[in-house]
Amino acid sequence: MVNNFMQVLANIPWWGWALFILLIIAIRDIFIQRAHTISHNFPIVGHIRYMLESIGPELRQYLVANNREELPFNRIERGWIYASAKRENNYEGFGTDRDIYAQQYIFINNAMIPFKLPDGHPNKTDYAFIPCAKVMGAYHKRKKPYRPKSVINISAMSFGSLSAKAVESMNVGAKKAGAYHNTGEGGLSPYHKNGADVIFHIGTGYFGVRDEEGNFSMEKLRKLVKENPCIKAIEIKLSQGAKPGKGGVLPGKKISKEIAEIRHVPIGQDVLSPPNHAVFNTVSEMVDFIENVANETGLPVGIKAAIGKLDEWKELAKIMKETSKGPDFITVDGGEGGTGAAPPSFADHVSLPWVYGFSDVYRIFKNQDITDHIVFIASGKLGFPARAAMAFSMGADCINVAREAMMSIGCIQAQICHTNRCPAGVATQKKWLQNGIDVPLKSDRLFSYFKTFKKELLEITHACGYEHPCQFTMDDVDVSLGDKNMTQTLAAAHNYNKHKVPFNGMQELKECPYLGGSND
Ligand SMILES: Cc1cc2nc3c(=O)[nH]c(=O)nc-3n(C[C@H](O)[C@H](O)[C@H](O)COP(=O)(O)O)c2cc1C
């Protein structure tokens with residue numbers, strides 16, 4: 001009997017099995033599953049639609065979209081980062097493929113005679129040596145002022161949103177590039193401690209410096225800073241461009257023993273990161289908190305924010321002018337900024353794009369004549385030499401890059417950071433996906449991207465007749481207003497010109513005792 005049954009099964013041809021499987025799928029589609037109307041109404045063929053939808057971004061990215069079409073980063077931009085990171089040929093032939101008459105297009109005004117490096121100049125031997133022209137914390141006389149060794153640095157991205165191997169690759173690469181590495185909200189992990197300067201980032205969850213109840217603990221911060229001399233400055237996050245005013249929940253199932261230890265949160269329980277800081281409610285309370293943190297740690301303290309309404313910024317500038325207290329640096333993040341996860345309505349619409357947000361805020365501090373007390377840090381798709389030059393001309397002193405740094409270590413812009421399924425192993429906690437990341441190789445790629453970026457930024461700087469990007473003014477960059485309006489300088493378009501940054505040559509920056517901070 002059993003033998004007969006097996007005989008019948010063995011005699012069924014392959015297409016009979018195929019029909020049988022399709023029949024099972026059709027029964028499941030029509031009678032069992034309730035989630036997909038299309039599959040119910042069009043059994044079997046409905047699946048093709050879901051398959052195409054899921055691989056649509058990849059198809060468009062590789063086959064359909066043209067070189068300049070995609071967002072957030074188009075193929076030319078990504079290609080430039082990949083080629084720079086791999087030390088491949090990152091030039092293009094035949095001339096630009098961009099519509100240089102388009103509205104909002106920027107033109108950098110080159111000098112008739114470029115800047116010539118004199119003999120013995122620091123850039124003769126190291127063409128990627130561009131330290132920050134300002135010292136963080138110098139004006140407020142912090143105990144440990146810090147001059148970043150590189151004007152290009154790694155923006156806040158936590159261990160948790162990024163994989164351990166990605167964080168480690170970035171830190172090792174940043175060390176080689178002389179860049180600082182911002183920890184992001186998730187606390188200081190062992191992967192941040194591979195030798196790069198670190199900016200410790202404090203979000204509303206106070207991860208890594210919170211007590212049992214989740215309140216901010218100054219004692220823990222003091223201890224952390226004392227035990228980790230790599231921490232050169234502290235950044236208090238007010239908001240980020242992709243989701244200003246939006247807190248987050250860290251689901252319990254993602255909180256491994258390691259993450260729980262680093263963040264100082266209980267294992268396996270949901271943890272809330274609220275929209276507001278519990279330690280201050282007003283601008284003047286925030287200034288008091290900044291001063292407390294600076295006094296307790298000796299480090300420069302800054303704030304990071306995306307820009308929208310300006311009243312509180314005016315209040316901050318007034319308080320800073322009147323009391324000579326307040327942040328040592330301000331990181332202005334653009335609405336185009338990235339995130340590990342955010343609702344699209346926030347990412348698309350809340351907060352101003354970098355150019356508008358930065359010009360609004362800088363102008364407020366300029367009106368109070370205090371821009372030279374503050375190091376201005378800029379982030380929001382600025383990881384390219386020409387855009388960085390524009391940011392410097394508007395008053396930025398340093399550039400932070402996040403997604404560009406991710407791409408340099410292999411991110412393919414799959415845009416699924418929020419799913420834990422990052423195919424490049426960069427934004428996932430899955431071990432087998434991370435295993436593809438070779439830390440020595442990827443750290444070298446980040447280093448090469450930074451090096452090429454700084455080299456090209458310096459070449460543009462020299463082409464405009466300057467020695468350091470801090471010397472760019474808003475009259476050096478024109479922005480096209482489209483059609484008959486011709487072009488205007490940034491100064492005319494944004495109605496200010498930046499305050500002149502005191503700069504007496506690269507050699508002086510090289511000899512500065514605060515270059516790279518002090519560990520005393
Ligand atoms: C994966 C990921 C994680 C991020 N995590 C943080 C964070 O913890 N805190 C923060 O202030 N910004 C965070 N950001 C925003 C970046 O620091 C940066 O401000 C923004 O992406 C703009 O820079 P970009 O255009 O170079 O990516 C994150 C961005 C990404 C892509």
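Helix axes here are lines fitted to C-alpha atoms over the stretch in contact, and angles run from 0 to 180 degrees between N-to-C directions. The model is predicted.

**Exercise 1.** Classify the packing of helix α8 against helix α10.

*Solution.*
- Locate the helices. α8 spans residues 218-227, and α10 spans residues 283-297.
- Read the geometry. Their axes lie 9 Å apart, at an angle of about 45 degrees.
- Apply the cut-offs. Angles under 35 degrees count as roughly parallel, and 65 to 115 as roughly perpendicular. The angle therefore makes α8 oblique to α10.
- Add the handedness. The crossing of α8 past α10 is right-handed.

**Exercise 2.** Describe the shell of residues around the ligand.

*Solution.*
- Count the shell. The ligand is surrounded by 23 residues.
- Name the closest. They are Ala 156, Gly 338, Lys 381, Arg 403 and Glu 404.
- Sort by class. Eleven shell residues are polar, seven are charged and five are nonpolar.
- Find the main contributor. Helix α15, residues 403-408, gives the most to the shell, with three residues.

**Exercise 3.** Identify polar contacts of the ligand, then state how much of the ligand is buried.

*Solution.*
- Recall the cut-off. A polar contact is a pair of N or O atoms within 3.5 Å.
- Take the ligand oxygen atoms. One is 2.6 Å from a polar backbone atom of Lys 381. A polar side-chain atom of Ser 155 lies 2.8 Å from an oxygen atom of the ligand.
- Take a ligand nitrogen. It sits 3.2 Å from a side-chain N or O atom of Gln 240.
- Finish with area. The ligand alone exposes 610 Å², and the protein buries 98% of that.

Technical notes
Residues numbered from 1 in each chain as written. Predicted model: local features only at pLDDT ≥ 70, side-chain atom pairs only at ≥ 80, totals over all residues. Heavy atoms only, no water. Near = heavy atom within 4 Å. Polar contact = N/O pair within 3.5 Å; in protein donor to acceptor, adjacent residues only side chain to side chain. Areas by Shrake-Rupley, 256 points an atom, 1.4 Å probe, with all protein chains shown as cover. Helix = DSSP H or I, 4+ residues; strand = E, 2+ residues; numbered from the N terminus. Nonpolar A, V, L, I, M, F, W, Y, C, P; charged D, E, K, R; others polar. Parallel < 35°, antiparallel > 145°, perpendicular 65-115°, else oblique. Left-handed = near helix turned anticlockwise from the far one by under 90°.
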